[in-house]
Amino acid sequence: MPQFLNKPIHILGIGGIGTALGWALARDGYSVILIDNHPGKVAEGRKKGISVVGLKTRWIPIVDFADWVPPDEGFILLCTKTYDNPAILSRLPDDAFLVPIQNGFDPELERRGHACEGIASFVSECERDRPITRITRPGKLHIGARRSTTAGEQVEITSLAMALGKNILFPVELVPDIRPYKATKLMYNAAISPLAAMAGVDNGELLTDVLAKKLFFALLLENYAILQQAKIPLARIGPFHPDTVSMILRTPWLPALMAMFFRPSLRGTYCSMAPDIHAENARTEIDAYTGHLIRLAGEFPCALNRATFARMEKITSEGLKPQYQHLRDLAAQLPAGVLS
């Protein structure tokens, strides 16, 4: 695997995923360069290293994005928020071996035609101003092709999966097609993140509070319906396939049992959209989550997603603070029967 033996792996974004990947690859002897545009985080990483809570700190070269020169060869792992993609993509050569490991769908990135993507079902929460992360929910990193690939591209994808597969933080699964996993992750993220972020609650509270749970389950069903009508294949992430989740949510009494089953796995986990709402000049990935589903739906009814998108846009454009009242306002503007 000459790429890994001879060329540094560039990781864009020192957030939860980027920090975990950089730490894991560096621990296993690979050459890693981290890139970020947060001056404080870059300075802290250079001064004190990067850390996974409970494990040894590692010293990894960190470059400010303004000074970063894309490599001629080697892997570039894209671990930023989707709203940072335009600035990054404008600097990348067309033949760069780019591997996004992001949530959501960015139309500009989709048009690029890259061969490989990763989807993380584990949750890694990084401190805002320091490259220190903790794994708040176990899960896998899925690596796979997103289109038909050449033999050379497949070798590279397999090499990446094998290199990451040595790590001690999360299991890695090489899959033949990453797109069903990405669609399933979207189904869940577009239900969890907007609701938890606008209400300012822990992810686990979506399965304890009556109204939050009703909105969460309704969004899951609507997201599943949109993806089904668009004929997009889905894959199993976690204990149940999305087909099974849909069946459970439509069966009397079973949703309550599912809430009890999933509550421990969501309690204390990180909502990646929440810090964005709190930030000055707030911007979120709502367009890459809910916006993508609305575009997929076309004329297909998706009242809850449209209302969720509008509510998040209002919160960010008006600088509103997260609060439970946003869930009440969201429910109040829905057509009759949406939450029944």
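**Exercise 1. Classify Asp129 by its accessibility and describe its surroundings.**

*Solution.* Step 1. Asp129 has a relative accessible area of 43%. Buried requires a value under 20% and exposed a value over 50%, with partly exposed in between, so Asp129 is partly exposed. The structure under study is a predicted model.

Step 2. Asp129 is located in the loop between strand 8 and strand 9 (132–137).

Step 3. Residues up to four places away in sequence are set aside; Asp129 then touches His38, Gly40, Lys41 and Glu44. With one of these, His38, Asp129 shares a side-chain polar contact of 3.2 Å.

Step 4. Asp129 and Glu44 are 85 residues apart in sequence, yet their C-alpha atoms are 7.8 Å apart in space.

**Exercise 2. Determine whether Gln102 is buried or exposed, and find the partners of its side chain.**

*Solution.* Step 1. Gln102 belongs to the loop between strand 6 (97–100) and helix 5 (107–110).

Step 2. The relative accessibility of Gln102 is 6%. The cut-off for buried is under 20%, so Gln102 counts as buried.

Step 3. The side chain of Gln102 reaches the backbone oxygen of Thr80 at 2.8 Å. A polar contact of 2.9 Å also links the side chain of Gln102 to that of Asn85.

Step 4. Beyond four places in sequence, the residues touched by Gln102 include Leu78, Lys81, Leu109 and Ile119.

**Exercise 3. Describe the aromatic pair of Phe122 and Phe170, and state which parts of the chain it ties together.**

*Solution.* Step 1. The structure contains 4 aromatic pairs. In the pair of Phe122 and Phe170, the ring centres are 4.3 Å apart and the planes make an angle of 10 degrees.

Step 2. Planes under 30 degrees apart count as stacked; the pair of Phe122 and Phe170 is therefore stacked.

Step 3. Phe122 lies in the loop between strand 7 (116–120) and strand 8 (123–126), whereas Phe170 lies in the loop between helix 6 (151–164) and strand 11 (172–175). The pair therefore ties together parts that are 48 residues apart in sequence.

Step 4. Phe122 is buried, with a relative accessible area of 3%. Phe170 is likewise buried, with a relative accessible area of 3%.

**Exercise 4. Characterise helix 7 by its length, its bend and its burial.**

*Solution.* Step 1. Helix 7 has 21 residues and spans 30 Å from its first C-alpha to its last, which is close to the expected 30 Å.

Step 2. At Asn189, helix 7 bends by about 30 degrees.

Step 3. Of the 21 residues of helix 7, 20 are buried, so the helix is largely enclosed by the rest of the structure.

Step 4. After helix 7 comes Gly200, which has a positive phi near 70 degrees.

**Exercise 5. Identify the largest nonpolar core and the helices that supply it.**

*Solution.* Step 1. The largest nonpolar core has 50 residues, and Leu195, Leu206, Leu215, Phe216, Leu220 and Leu327 have the most contacts inside it.

Step 2. At least two residues of this core come from each of helix 7 (179–199), helix 8 (210–229), helix 9 (242–249), helix 12 (286–297), helix 13 (303–317) and helix 14 (325–332).

Step 3. Phe216 illustrates the contacts: leaving aside neighbours within four places in sequence, Phe216 is in contact with Ala191, Ile192, Leu195, Leu206 and Leu207.

Step 4. A second core, separate from this one, has 36 residues, among them Ile9, Val32, Leu77 and Leu141.

**Exercise 6. Classify the loop residues Pro322 and Lys231 as buried or exposed, and give the sign of phi at Lys231.**

*Solution.* Step 1. Pro322 is found in the loop between helix 13 and helix 14. Its relative accessible area is 17%, so Pro322 is buried.

Step 2. Among the residues that Pro322 touches beyond four places in sequence are Ala197, Gly200 and Ile277. The C-alpha atoms of Pro322 and Ala274 are separated by 8.4 Å, with their positions 48 residues apart along the chain.

Step 3. Lys231 is in the loop between helix 8 and helix 9. At 73% relative accessibility, Lys231 counts as exposed.

Step 4. Most residues other than glycine have a negative phi. Lys231 is not a glycine, but its phi is positive, at about 60 degrees.

Definitions and conventions: Residues numbered from 1 in each chain as written. Predicted model: local features only at pLDDT ≥ 70, side-chain atom pairs only at ≥ 80, totals over all residues. Heavy atoms only, no water. Core = buried A, V, L, I, M, F, W, Y, C linked by side-chain atoms within 4.5 Å. Buried < 20%, exposed > 50% of the residue type's maximum accessible area, 1.4 Å probe, protein only. Helix = DSSP H or I, 4+ residues; strand = E, 2+ residues; numbered from the N terminus. Contact = heavy atoms within 4.5 Å. Expected span 1.5 Å × (residues − 1). Bend = angle between axes of the 7 residues up to and from the residue. Polar contact = N/O pair within 3.5 Å; in protein donor to acceptor, adjacent residues only side chain to side chain. Phe/Tyr/Trp six-rings, centres within 6.5 Å; stacked < 30°, edge-to-face > 60°.
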